[in-house]
Amino acid sequence: MPHSDGTVSITVNGEHKRVSAGLSLAGLATELGLVPEKIAVERNMEVVPRSTLADVMVEDGDDLEIVHFVGGGDHEDSWTVAGQTFKSRLIVGTGKYKDFAQNAAAVEASGAEIVTVAVRRVNVSDRNAPMLTDFIDPKKITYLPNTAGCFDAESAIRTLRLAREAGGWELVKLEVLGEAKTLYPDMVETLRATEILANEGFK
């Protein structure tokens, strides 16, 4: 039944609203600033055919879900780790590419905001040898140093200490390998390294 002021109470996408009685679903969509031809409506758990939106009237107590298509999911989605917030949940590696330019192009095309990076010795015999930071700007893309290739806690700890000194990175990807064939982790060494690194402020 309409209220004394000529309105009805409904729920739209989880929000309670009062709207004018005698309003069709198409009219409600228009009132909400939506184009009826571009939405789908579920009324009280039943999908309403779009062709009937102008004929189906909104009633008191209706529970409505109104949806439309968006590209690539919910653009307002985000996640936070170690105090940093990211929109993309994709983390891109930096190995197996033909060169750093191809790697940079892949990161840009993917929309990723984080790349995993290995820590390797500088080529001291060729001062003109390219470096990853020349192609992927660490001020724009978050570097996630990892410990790939480390088979004991000491090596992993040294690697990440050097990474922090090189770029100031404290958010890291820690893994201590048990053996080279399967690359299964050595959990005892990984946990030992985790405890030490966490106490040093790594995240």
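**View 1. R43 and its partner across the strands.** In this predicted model, R43 has L64 as its bridge partner, and L64 sits in β5. Zoom out a little and you get the two strands involved: β3, residues 40–43, and β5, residues 63–67, are joined by 4 bridges. The two strands run antiparallel. As a reminder, strands of a sheet pair through backbone hydrogen bonds, either parallel or antiparallel.

**View 2. The whole five-stranded sheet.** Here's the sheet that β3 and β5 belong to: 5 strands, open, in the order β2-β1-β5-β3-β4. The pairing is mixed. At the edges you'll find β2 (15–20) and β4 (46–48), each of which pairs on one side only. Going from one strand to the next, the twist averages 35°.

**View 3. The second largest pocket.** How big is the volume of the second largest pocket? About 200 Å³. Its lining includes V12, N13, E15 and K17, along with L32, L34, V35 and I39, and it is completed by I66, V67 and H68. Which elements give two or more residues to that lining? Those are β2 and β5, so if you've just been looking at the sheet, you already know both: β2 is one of its edge strands, and β5 comes between β1 and β3 in the strand order.

**View 4. Two domains.** Pull back and the protein splits into domain 1, covering 7–68, and domain 2, covering 79–200. Measure from one C-alpha centre to the other and the domains lie 50 Å apart.

**View 5. S88 in its loop.** Next stop is the loop between β7 (84–86) and β8 (91–92), where S88 is found. Is S88 buried or exposed? The relative accessible area of S88 is 15%, which is under the 20% cut-off, so S88 counts as buried. Leaving out residues up to four places away in sequence, S88 touches W79, G111, A112 and E113.

**View 6. E189 on its helix.** The last close-up is helix α4, residues 187–199, which holds E189. Why does E189 count as buried? Because its relative accessible area is 15%, and buried means under 20%. What does E189 touch, once residues up to four places away in sequence are set aside? The contacts are D152, A153, E154 and V176.

Methods
Residues numbered from 1 in each chain as written. Predicted model: local features only at pLDDT ≥ 70, side-chain atom pairs only at ≥ 80, totals over all residues. Heavy atoms only, no water. Domains from an automatic or database assignment. Buried < 20%, exposed > 50% of the residue type's maximum accessible area, 1.4 Å probe, protein only. Contact = heavy atoms within 4.5 Å. Pairing = 2+ DSSP bridges. Axes fitted to C-alpha atoms, helices over the stretch in contact; angles between N-to-C directions. 1 Å grid on protein atoms, 1.4 Å probe; cavity = no way out; pocket = protein on both sides within 12 Å on 5 of 7 lines; lining within 4 Å. Points joined across faces, edges and corners; volume = space filled by probe spheres on them.
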